[in-house]
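Welcome, and thanks for taking a look at this one with me. Please open the structure and keep it at hand while reading.

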Protein chains: 2
Amino acid sequence: MGSFWICWCLAILINSSLGLSQNRHFYKWEVEYMYWSPDCVEGVVMAINGQFPGPTIRARAGDTLHIELTNKLHTEGVVIHWHGITQKGTPWADGTASISQCVINPGETFVYRFQVDRPGTYFYHGHYGMQRSAGLYGSLIVDVAKGEKEPFHYDGEFNLLLSDWWHSSVHEQGVGLYSKPFRWPGEPKSLLINGRGQYNCSLAAHYSTGSSTSQCKLTRAEQCAPQVLRVLPNKTYRIRVASATALSAFNLAIGNHKMVMVEADGNYVQPFAVDDMDIYSGESYSVLLTTNQAPSNNYWVSVSVRGREPRTPQGLAILNYLPTTASKLPESPPPVAPLWNNYTYSKLFTSKIVALMGSLPPPPTYYRRIVLLNTQNYINGFKKWAVNNISLLLPSTPYLGSIKYGLNGAFEQTSPPDDYPMDYDVMVQASNQNATYGSGVYMLKLNSTVDVILQNANALEKNMSEIHPWHLHGHDFWVLGYGEGKFTAKDDRSFNLKNPPLRNTAVIFPYGWTALRFVADNPGVWAFHCHIEPHLHMGMGAVFAEGVHLVGKIPSEALTCGLTAKMFLNNNNH
Amino acid sequence: MGSFWICWCLAILINSSLGLSQNRHFYKWEVEYMYWSPDCVEGVVMAINGQFPGPTIRARAGDTLHIELTNKLHTEGVVIHWHGITQKGTPWADGTASISQCVINPGETFVYRFQVDRPGTYFYHGHYGMQRSAGLYGSLIVDVAKGEKEPFHYDGEFNLLLSDWWHSSVHEQGVGLYSKPFRWPGEPKSLLINGRGQYNCSLAAHYSTGSSTSQCKLTRAEQCAPQVLRVLPNKTYRIRVASATALSAFNLAIGNHKMVMVEADGNYVQPFAVDDMDIYSGESYSVLLTTNQAPSNNYWVSVSVRGREPRTPQGLAILNYLPTTASKLPESPPPVAPLWNNYTYSKLFTSKIVALMGSLPPPPTYYRRIVLLNTQNYINGFKKWAVNNISLLLPSTPYLGSIKYGLNGAFEQTSPPDDYPMDYDVMVQASNQNATYGSGVYMLKLNSTVDVILQNANALEKNMSEIHPWHLHGHDFWVLGYGEGKFTAKDDRSFNLKNPPLRNTAVIFPYGWTALRFVADNPGVWAFHCHIEPHLHMGMGAVFAEGVHLVGKIPSEALTCGLTAKMFLNNNNH
C-alpha cells in the first residue's frame, strides 16, 4: 500500500505543482506510398511524411502524444498501433483495425492522443492487413520523466529499428496467403537496419574470396547506405534495438564487443553481459556497449536470421570509432550467428532475462488460466493458423465499439475455449487438421490475474514446429517460464514467481510452452497474437476484453464503420 | 405532353395489370483478388465470385437488379459503377466512390438495387482508385422488355468485353502517377477480349516469317486461350462490344466481314455498314454481322490500338464457322488497323453515328452552357489533368450525402467556372502550366437543358494533344457535333439538332471540341469524366448535381464515412 501512496503523491505534484511531465507533442502525419530503395532495389514503401522508416517519436514518461494521422493512400484504410504503450484510459487509440477502431479511410484523419506513461524503447507500426510488412513502422522512444534517472549510466545512445524486406508487394503476398493452393511469400530478400539493407551487393564481400556477391560500392548518400554508429573510444553507449520484422527472428552481434542487457520491452532487466542477442518480432531491448576496442578500427553490427533456415544475407551496420573514417572496413568479417536451429542457445539467452532486482513481483496466484494451443490447420482447404482450433477472423465492426454498445451481431458471442482436448498430442501431426473460423472474445474479469499458457505443437508438416513471438496489447505480462513438450499442472512448480521479466512479447519455442501472467486492469479490448505478420493474417491471434463498460466516450471517428455506424445512422437517417 | 401521358399509362399497365417487366434478379457477389493469367502471364486480378471478368448480368428492360456486393479485399474499399444505367430514383446505387456512396469497407456488404430501364449493351466496373484497371469489370446486357422487339433482326449474338492489361499492379501504377517525378504506367502489355490475350506468343505469328514472337500453342483450356465465336453460315449475328479499357482506344475488325452498326451506348443508331470500327473506353456498340463468307474457313476478330502510338500487339479472337474446327487458323492474317494517328479516319467513323430515324430529337435550345477546357498541368510539380484549370480532387465525404444534408465543409462550395479565359490559345503550350486542386460542383437547375462544350488543347508537351473519351453518369447526352480548334459561338450553327446520337460517352479529338446536350432531369450527383483511368486519377473530371433535395432516403450504408457519419455519430454518441 505504501508504494501506491507514494505514486499518488507524485501524481499530484506533477499535475498541479511542478507540471514537470505534462509536455504535449503534436505531430501531423500523412501516410502514403512512395518509391524507395531500402535495399538498393527500388520498390514501393509505405511512408510517413515522405520518410521511411517513419519519423522517430521522442518523449518523456508522462507526456502526451497528439498524432494527427491523415490517410493519403488511394483505396486502402490505415491505422497505426503504438507497440508497448498500454493506452490506459484511451483504448480507442491502440490502433488495431477491427479491434480498437474503424480504419482511417483515404482522405480522412484520425487523432491518436495518448499518454506514454513509462520510459522505454518502443515502436509503432501499421496494424491492418500486412501494412507493417509494407514498411509502415518507426521508433517511439520514451525517456524517463524530468528529474528521474535511468538505473544505469551511458554517454550516448543509438537506436536500431530492425526489419525484413521483400520485393513482392504485400498485396500480392496477401493474395498468396489466402489462395488455394497456398503460396508462401518466402524468406525475405534483405534484412534492414533502420530501413537500410543491401540486396545486389554485400558490404562484407571482400572477406570471402570467390564470393559470387560483389562488394558494395556505396557513397553515404544512397537510401540503402548502411547505418553508421559514430562513437568515441572508452565511452558507454546505450543501443536501443526493436524488431518490426514481418517474419524473421534475429540474432544481433557487434564485432569484438560485449553488450550488457538492461531493458526489455520497456522494462528494466537485471543486467547481464552477452556476445550476441536474439530478438524476435515485436520485442525491444536496450544494451550497453563500452567502446573499449582498438579505436583505429571500425566494427560490424550484424543481424542474422535465426529460428528459420536462413536464405537472406546478414543485415549490417557500422560501429565507427571516431576519428577513424567510417569508410574504413572492419578488419574482421561480421560476427557469425549461432546456428539457426540451435534452440538450446536461444533458450539459454531467454532464460537470462529476469527483472531488475527490486521490481514488482507478479501476483502469486491466478484467477483464470487460459491454455492456448497453437496449430497450423486447414479450413476448406485453405491453410491457416489456429488457437484452440479457432482461426481468428476479425469482424468488420471493431470490438471496442460493438461490446460497449452491446451490438451482439458484430461478432461471435460464444467465448473461445480456455483449453484444448486433453488427449491432443502436441508432438505429432494432428489427426484432424481442420479448424474453424472464429471471432469470439475472451472476456476477462476486470482486475483479475490471468495466466496464459501458450502451447506450441507440431504444425501441418511432419517434424515441424516453429517459433512464434506472441504480443499482448494494453498490458505487460510476466513471463513465468518456458518448458518443453506439453504443459501440465505440475509445471506450475517450475514458475519463476520471484523475478520474472515483465514484457509485452514472448516466444514459444518449437514443441514447447511459455507461461505468462498479467493483471486484466485496463478497460478495453486487446489483441493478443503472433507477431509474425503472415501468421496473424492467417488467423493466429486471440482477443481479450475487460471492463469495457468503464471505457469513456469513444471518439466518433473510431466508430464510423460497420454496425456502430449503422446503429447511429439508422437512429437518425429518416 | 402526349408522350408523357402514354408512358405513364404504360407504367400503370406494367405495374398493376400485366406485371410483364417486374422481374427481379438477385446476385450475391464477393470481390477479391486472385491469381489469374489473362494474357498467359500469371498475375493478380480483381475477381467477382472467382471469375475474371466478373459474371455477365442479363436482364430485361424494366427489371430490377439486386446485387449484394461483399468486399473480401484485405485493406481496400470497393464500389461498382453500372456504366450506362441512369439510376433514376436510385442515385446512391451509381457506385462512384466519393460521389454516390461511401466505399464498401473490407468485410462489409452493400446492396445495389436499381432498375435497368432501357435495353442495350452495358457493362459494370470498379470506380475507386484504379480498380477498373485491376480487372474489376463485367458485362451487363439488357434485353428489350418481354413482348417488345429490337428494330433489327438477328439469329444469335455474342458479347465482347474489351480491355487492356499491364503486368505491374495498379497499386504501383498509382504510386507512379502521384510521384514527382511523374511515372507513367506505359502502354499496356496485352489487349484482352473477354479477359483473354496472349503476351508470350502470338496466335498469328505464323503469317509473318521471321517474327521474333512464337506461335501460341494453346489448347482451349488456358485462361488466356482466345475467345471463339461459333457461327453457322448465312446467319446474322449481333455482336455486342463494350470497352472497359484503362487507357486504350481500339479499332475492331472482323476479317473478310462487314459489320452493320445498330446500337451505341444503349441507344439505337441509324444502321450503317463498316469494315472496322473505333471504340473508345466507356463506349459500347452492337454490330450485325452476316456470315456470308466461305464456311470452310475461320476468320480473325482483331482489336488494335489507335489514338496512341501502339506498342501492344493486336488482341485476337476467332470467328469460327461451324462445322469447321475452331483450331483451324484463318487463311489470311488479322486485319490491319488504320494508322493510329489517322484522325481523319476516326472522325469519319464518328460522324456516321446518328440516331435511328424517329428517335426523340434534343431540345432546340439550352438553358446553360458549360465550356470545359481540358489541359494537362502541374500542381506543386506534380503532373495532373485539369478542367478549366481545376484538377478534381475527390472529397472523403461523398457529395450525394453531403449535399443532401447541407454539410458544406465536405467540399469546396464555390462552383468551378463555366468557361475559361477568352485569350487561352488551345493550339500551343500554355504560358502558365499550373493548375489548382478543386472539389467544387456544377449545380444544375433541375430539368434544365445543359450544353457542355468539351474543349481539347495542347497538353504539357509541345505538339501534343490526346483523345479523351468523356463519360457522363446518370444521363445520356446528345452529341451535337465535333469541331477543330477552339469552339466559338458561331460553331452552334454546325450543330446537328436533327438526329444527333444519344450516348453516355463521347471523345474529344486532339485540338478539337465536342458539343454535348442533356437534360438535367435526374435528381442526384453525377460524375462526368475522362474514362481513361489514369487521367481520372490525375483529376480529369467534373461533378454535376441536380435536384438533390428530391432524392429519397439514402441507404445508411452509403453514408457511413466522412462528415455524414460524423454528423450522425456526434448527434448520438454521448
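How many salt bridges does the count come to over all chains? The count comes to 48. Keep in mind that this is a predicted model. As background, side chains of opposite charge can pair when their charged atoms come close. Three of the salt bridges are set out here.

| Salt bridge | N to O distance |
|---|---|
| Glu150(A) and Arg238(A) | 2.9 Å |
| Arg240(A) and Glu157(A) | 2.7 Å |
| Asp521(B) and Lys88(B) | 3.8 Å |

**Salt bridges in chain A**

Let us begin with Glu150(A) and Arg238(A), whose side chains meet in a salt bridge. Glu150(A) sits in the loop between β8 (137-143) and β9 (156-165) of chain A, while Arg238(A) belongs to strand β14 (residues 236-243), so this pair ties together parts that are 88 residues apart in sequence. Are these two residues buried or exposed? Both Glu150(A) and Arg238(A) are buried.

Strand β14 of chain A also holds Arg240(A), whose partner Glu157(A) lies in strand β9 of chain A. These two are 83 residues apart, and their pair links distant parts of the chain. Arg240(A) counts as buried because its relative accessibility is 0%. Glu157(A), by contrast, has a relative accessibility of 23% and therefore counts as partly exposed. The pair also belongs to a network of salt bridges that links Arg58(A), Asp143(A), Glu157(A) and Arg240(A).

**The sheet with β9 and β14**

Where do β9 and β14 sit in their sheet? They are neighbours in an open sheet of 6 strands in chain A, which has the order β10-β9-β14-β19-β16-β17 and mixed pairing. At its edges stand β10 (190-193) and β17 (267-274), each with a single partner strand, so one side of each has no neighbour in the sheet. From one strand to the next, the twist averages 25°.

At the β10 end, β9(A) and β10(A) run antiparallel and are joined by 4 bridges. Here Leu162(A) has Ile193(A) in β10(A) as its bridge partner. Towards the other edge, helix α3 (residues 343-352) of chain A lies across β16 (259-264), β17 and β19 (284-290). This helix runs at about 130° to β17(A).

**A second sheet in chain A**

Further along the chain, 5 strands form another open sheet, again with mixed pairing. Its order is β26-β34-β33-β28-β31. The edge strands are β26 (442-444) and β31 (505-508) of chain A, and each pairs on one side only. The twist here averages 25° from one strand to the next.

In which sense does the edge strand β26(A) pair with β34? The two pair in the parallel sense over 3 bridges, with β34 spanning residues 541-546 of chain A. Within this pairing, Met443(A) stands opposite Ala545(A) in β34(A).

**A salt bridge in chain B**

The last stop is in chain B, where the side chains of Asp521(B) and Lys88(B) meet in a salt bridge. Asp521(B) lies in the loop between β32 (512-519) and β33 (524-530), and Lys88(B) in the loop between β5 (80-83) and β6 (109-115), so the pair ties together parts that are 433 residues apart in sequence. How exposed are the two partners? Asp521(B) has a relative accessibility of 31% and so counts as partly exposed. Lys88(B) is partly exposed too, with a relative accessible area of 46%.

Conventions:
Residues numbered from 1 in each chain as written. Chains lettered and ligands numbered in written order. Predicted model: local features only at pLDDT ≥ 70, side-chain atom pairs only at ≥ 80, totals over all residues. Heavy atoms only, no water. Pairing = 2+ DSSP bridges. Axes fitted to C-alpha atoms, helices over the stretch in contact; angles between N-to-C directions. Salt bridge = Lys/Arg side-chain N within 4 Å of Asp/Glu carboxyl O. Buried < 20%, exposed > 50% of the residue type's maximum accessible area, 1.4 Å probe, protein only. Contact = heavy atoms within 4.5 Å.
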